[in-house]
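User: Please take a close look at one part of this model, the nonpolar patch on its surface. Which elements supply its residues, and what else can be said about strand pairing elsewhere in the chain?

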Amino acid sequence: MTLDVRGSLKNTKINQNQFVVFDELISNAIDSFLIRAHEDPEAGDFEVIILVEFFARDLDGESYDVRISCTDNGAGLQDAQMKGFVTNDTSYKDDLSIEGIGKCKGSGRMQFFHYYTKVHIDSKYKQGERFYRRTLNYTETMKEIDEASFDVGEISQTIPTTTFVLDIIR
């Protein structure tokens, strides 16, 4: 599967509310935790940390930019979730029979790409009995994102966490 980022940006209307990225980050974090809690009744409580950093764009300090990061303790980008992420117009969440997960248009993540030139994902997740780390460093020069765009490796982590970082406003 391949997410044609440039094509999807043309076909997905930009939300006029620039704060939609917060809604997407938080709702995806909640959905991810609901998936984890469904798989593991001992998952504990939902946690999410959102950081907003303002920094100077140039040396004279006349213009500023913003970086947003969202870290949650959900299921992470396991194989099924990652496949949903790289699929255009995905219906992945629609097929889950987990109470509380909303209907999915598959276009919410496109708001990240509409508003930010860099998107970094760092996900530590459990698949079977092992833990893995899956990372992506997207920049606006990338036309597509597919499964091979992610770096994946086994780790000795014991708690699933995923961090999305949205960096440099368009």
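**The nonpolar patch and the paired strands**

Analyst: S2 gives the nonpolar patch its largest share, 4 residues. The model is a predicted one. Strand S2 covers 48–56, and together with helix H2 (20–39) it belongs to the elements that each supply at least two residues of the patch. The members of this surface patch are Ile26, Ile30, Phe46, Val48, Ile50, Val52 and Phe54, and their accessible area together is about 550 Å².

Phe54 can be taken as a single case. This residue lies in strand S2. Its relative accessible area is 64%, and the cut-off for exposed is over 50%, so Phe54 counts as exposed.

Next, the strand pairing. Strand S4 (residues 116–127) is joined to strand S8 (residues 161–169) by 8 bridges, and the two run antiparallel. Within this pair, Tyr116 has Ile169 in S8 as its bridge partner.

S4 also pairs with strand S5 (residues 130–139): 10 bridges link them, again in an antiparallel arrangement. Here Asp122 stands opposite Thr135 of S5. The connection between S4 and S5 is a hairpin with 2 residues between the strands. In that turn, Gly128 has a positive phi of about 70°.

Strand S4 is thus joined to S8 by 8 bridges and to S5 by 10 bridges.

Technical notes: Residues are numbered from 1 along each chain as its sequence is written. This is a predicted model: local features need pLDDT of at least 70, side-chain atom pairs count only at pLDDT 80 or more; totals for chains, interfaces and linings use all residues. Side-chain values use heavy atoms; hydrogens and water are left out. Patches are made of residues with over 30% relative accessible area and no salt bridge: like charges are joined within 9 Å, nonpolar side chains (Val, Leu, Ile, Met, Phe, Trp, Tyr) within 5 Å. Accessible areas come from the Shrake-Rupley method with a 1.4 Å probe; for residues, only the protein chains shown count as cover. A salt bridge is a side-chain nitrogen of Lys or Arg within 4 Å of a carboxyl oxygen of Asp or Glu. Buried means under 20% relative accessible area, exposed over 50%, partly exposed in between (1.4 Å probe, protein chains only). Two strands pair if DSSP finds at least two bridges between them.
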